[in-house]
Amino acid sequence: MRGGCQPPSMCGRFSLFAPAEDIEERFGATFDYPHERRYNAAPGQALPVVTDETPERIQAAEWGLIPTWADDDGHAPINARAETLAEKPSFRDAVAGVETAGESADPGEAAGRCLVLSDGFYEWGQDADGERRPYRITRVDDEPFAMAGLWTRWRPPGTQTDLGEFAGDGPTAEPSLRTTFTVVTTEANDAVGRIHDRMPVILAPADERRWLSADRANAGHLLVPCPAADLRVYPVSRAVNDPSNDVPSVVQEVDAPG
């Protein structure tokens, strides 16, 4: 789902509005672009990730993963089920990690694992009156966290492969290349399960770098629900349904039928 005013599919919105310096300190990486506070981040937008290729950088990537082998961007999943990552052609190379995903015929293309930086995500569930409404899920300490993700660097077919004047500026400098990502999901824990049966994989801080560097077998062990006691779930305004409402008010708790 890319934009729109209807409730998105899981996980289809998140936020990150902590100051840049706090985010950099928390994740041990530096923004390589100007950080903008986001209250209602949506698919198709450029959002902050840390990849296994450049773990010292926080870079912008487009939410909606385009496999390196894709002929077009028509299918760009925003979520990837943890249970079937190794089976899906769209995700197999990325979950292997950037060091083991194999050599591409195009040196600009790549795929691997990433951290998707967030301080809260939204989910839609039924309230006591049977109406579908949005809820925000945060850590109980309100600290930023990392969701497990996969990333690719994709070149649209027919575009220029010669870096030309951009040579030497790094792997993401070429304008024709697009860096994209997806959020890995798992079964919901008891906190989120009241409103939905799936949730993002929220990595424990000690597991964040392990997700980026572990071999495929060990990385899979990290893709489990976080403890329910770590999370707070509360209702928010239906204004969050519209991604153009990227304003502080959408993160505020509202009354819900009880």
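R136 is buried, and D119 is buried as well. In this predicted model, the two residues are joined by a salt bridge whose closest N and O atoms are 3.4 Å apart. Because R136 sits in strand β9 while D119 belongs to the loop between β7 (110-118) and β8 (120-126), their pairing ties together parts of the chain that are 17 residues apart in sequence.

This pair belongs to a wider set of charged contacts, for a search of the whole structure finds 11 salt bridges. Another of them brings together the side chains of R198 and E83, with a distance of 2.9 Å from N to O. Here distant parts of the chain are linked, since R198 is in strand β12 (residues 198-200) and E83 is in the loop between β6 (79-81) and α2 (92-96), with 115 residues separating the two. The surroundings of the two partners can be described separately: R198 counts as buried at 8% relative accessibility, whereas E83, at 40%, counts as partly exposed.

A further salt bridge is formed by D141 and R139, whose closest N and O atoms are 3.0 Å apart; D141 itself is partly exposed, with a relative accessible area of 38%. Salt bridges also link E62, D73 and R178 into a network.

The three individual pairs are set out below.

| Salt bridge | N to O distance |
|---|---|
| R198 and E83 | 2.9 Å |
| R136 and D119 | 3.4 Å |
| D141 and R139 | 3.0 Å |

Charge also gathers on the surface, where E21, D22, E25, D142 and E143 make up a patch of negative charge. Among these residues, D142 is placed in the loop between β9 (132-139) and β10 (145-154), and E143 lies in the loop between β9 and β10 too. D142 is exposed because its relative accessible area of 52% is over the 50% cut-off, while E143, with a relative accessibility of 40%, counts as partly exposed. The backbone at D142 deserves a separate remark, for this residue has a positive phi of about 60 degrees although it is not a glycine.

Finally, the cysteines may be considered. A disulfide is a covalent bond between the sulfur atoms of two cysteines, and the structure holds 0 disulfides. Two cysteines can nevertheless be described by their accessibility: C114 is buried, with a relative accessible area of 0%, and C226 is likewise buried, with a relative accessible area of 8%. Both are described as buried because their values fall under the cut-off of 20% relative accessible area.

Key: Residues are numbered from 1 along each chain as its sequence is written. This is a predicted model: local features need pLDDT of at least 70, side-chain atom pairs count only at pLDDT 80 or more; totals for chains, interfaces and linings use all residues. Side-chain values use heavy atoms; hydrogens and water are left out. A disulfide is a pair of cysteine sulfur atoms within 2.5 Å. Buried means under 20% relative accessible area, exposed over 50%, partly exposed in between (1.4 Å probe, protein chains only). Helices (H or I, at least four residues) and strands (E, at least two) are DSSP runs, numbered from the N terminus. Patches are made of residues with over 30% relative accessible area and no salt bridge: like charges are joined within 9 Å, nonpolar side chains (Val, Leu, Ile, Met, Phe, Trp, Tyr) within 5 Å. Accessible areas come from the Shrake-Rupley method with a 1.4 Å probe; for residues, only the protein chains shown count as cover. A salt bridge is a side-chain nitrogen of Lys or Arg within 4 Å of a carboxyl oxygen of Asp or Glu. Lys and Arg count as positive and Asp and Glu as negative; His and the chain ends are not counted. The place of a charge is taken as NZ of Lys, CZ of Arg, CG of Asp or CD of Glu.
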